[in-house]
Amino acid sequence: MPEPAHAPPIARPDTAAAFAAEVIARTGLTEEVLARLVHRFYARVRQDAVLGPVFAARITDWPPHLARMCAFWSSVVLMSGRYHGAPVSAHQGLPVDADHVARWLALFGETARDTCTAEGAVLVEEKAQRIARSLQFAVAAAAGGAPALRPQG
Ligand code: HEM
C-alpha cells in the first residue's frame, strides 16, 4: 500500500507560550506594551468629554480596573488566560449610544498607533472592533433591544 498523501502540517504553535512568542515576534505586543496601551488609553478616556463622565460615574477605584484591563488585553492578544471576568454584564445599563462606541474605538485606535508598532496597532484595533460589535449585540440582546451600531456601509 502506498503511503497516504499527507497535507503539509499546519503551522500551529503547540503551546500558549509558543503562540505568545509568535505574536510578540510579529507585532511587538509584549505584556509591557499592552500595559502601556491600557494605561495611556484610560488616561485619555478619563480626560475625554464624551467618555470621561460615563467612566467617572462607574469607576472610582482605577488601579483594579486598569489591572483587569491589562489582564483582558493579555488574554485577547497573547492568549495568556489571565482575564476572568464578565464583560457583558459590566456594560449592561451603561448610558451609551453609537457615538460613545465610535469615540471609544477612535481613542483606542489613536492610542494604539501612538504606543504600538504598526503591526501591533492593526492587531489590537481589529480585536477591539470585533469585541465592540459583539459586546453591543450581547448587551442589546440581554436588554431585549437592538444594538447601538452605526449602519455599516
Ligand atoms: C462606549 C464604549 C465603552 C464604555 C463606555 C465602557 C465602559 C466600561 C465601564 C464603565 C466598565 C466598568 C464596569 C464596572 O466595573 O462597573 C467597563 C469594563 C470593561 N470593559 Fe468597557 N466600555 C466600553 C467599551 C468596551 C470595549 C470596546 C471593550 C473591549 C474591547 C471593553 C472591555 C471591557 C472589559 C473587559 C471590562 C471589565 C469587565 C469585568 O470583568 O468587570 N469595553 N467598561
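Seven helices and zero strands make up the secondary structure of the protein chain, and the model you are looking at is a predicted one. Read along the sequence, the pattern is α-α-α-α-α-α-α. The chain also surrounds a ligand, with 21 residues around it, so that is a good place to begin the tour after a look at the overall fold.**Overall fold**
- Of the 153 residues of the protein chain, 16% count as buried.
- Among contacts between residues at least 6 apart in sequence, 71% join residues at least 24 apart.

**Around the ligand**
- Gly 85, Ala 90, His 100, Trp 104 and Ala 132 come nearest to the ligand, out of the 21 residues around it.
- Five helices each supply at least two residues of the shell: H3 (52–58), H4 (62–78), H5 (87–91), H6 (98–115) and H7 (118–143).
- Helix H7 gives the most to this shell, with four residues.
- Sorted by class, the shell has 16 nonpolar, three polar and two charged residues.

**Helix H1 and the residue after it**
- Helix H1 covers residues 16–27, and its 12 residues should span 16 Å at 1.5 Å a residue.
- The end C-alpha atoms of H1 are 16 Å apart, which agrees with that expected span.
- Just after H1 comes Gly 28, where phi takes a positive value of about 75 degrees.

**Leu 66 in helix H4**
- Leu 66 has its place in helix H4, one of the helices that supply at least two residues of the ligand shell.
- Leu 66 counts as partly exposed because it has 17 C-beta neighbours inside 10 Å, whereas 20 or more would make a residue buried.
- Leaving aside neighbours within four places in sequence, Leu 66 is in contact with Val 38, His 39 and Tyr 42.
- One of these partners, Tyr 42, is 24 residues from Leu 66 in sequence, yet the two are 7.9 Å apart in space, C-alpha to C-alpha.

**Met 79 in the loop between H4 and H5**
- Met 79 lies in the loop between H4 and H5.
- Phi of Met 79 is near 50 degrees, a positive value in a residue other than glycine.
- Most residues other than glycine have a negative phi.
- Met 79 is partly exposed because 15 other C-beta atoms lie within 10 Å, a count between the limits of 12 or fewer for exposed and 20 or more for buried.

Note on methods: Residues are numbered from 1 along each chain as its sequence is written. This is a predicted model: local features need pLDDT of at least 70, side-chain atom pairs count only at pLDDT 80 or more; totals for chains, interfaces and linings use all residues. A residue is near a molecule or strand if its C-beta atom, placed from the backbone, lies within 6 Å of it. Ala, Val, Leu, Ile, Met, Phe, Trp, Tyr, Cys and Pro count as nonpolar, Asp, Glu, Lys and Arg as charged, and the others, Gly among them, as polar. The expected span of a helix is 1.5 Å times one less than its number of residues. Two residues are in contact if their C-beta atoms, placed from the backbone, lie within 7 Å.
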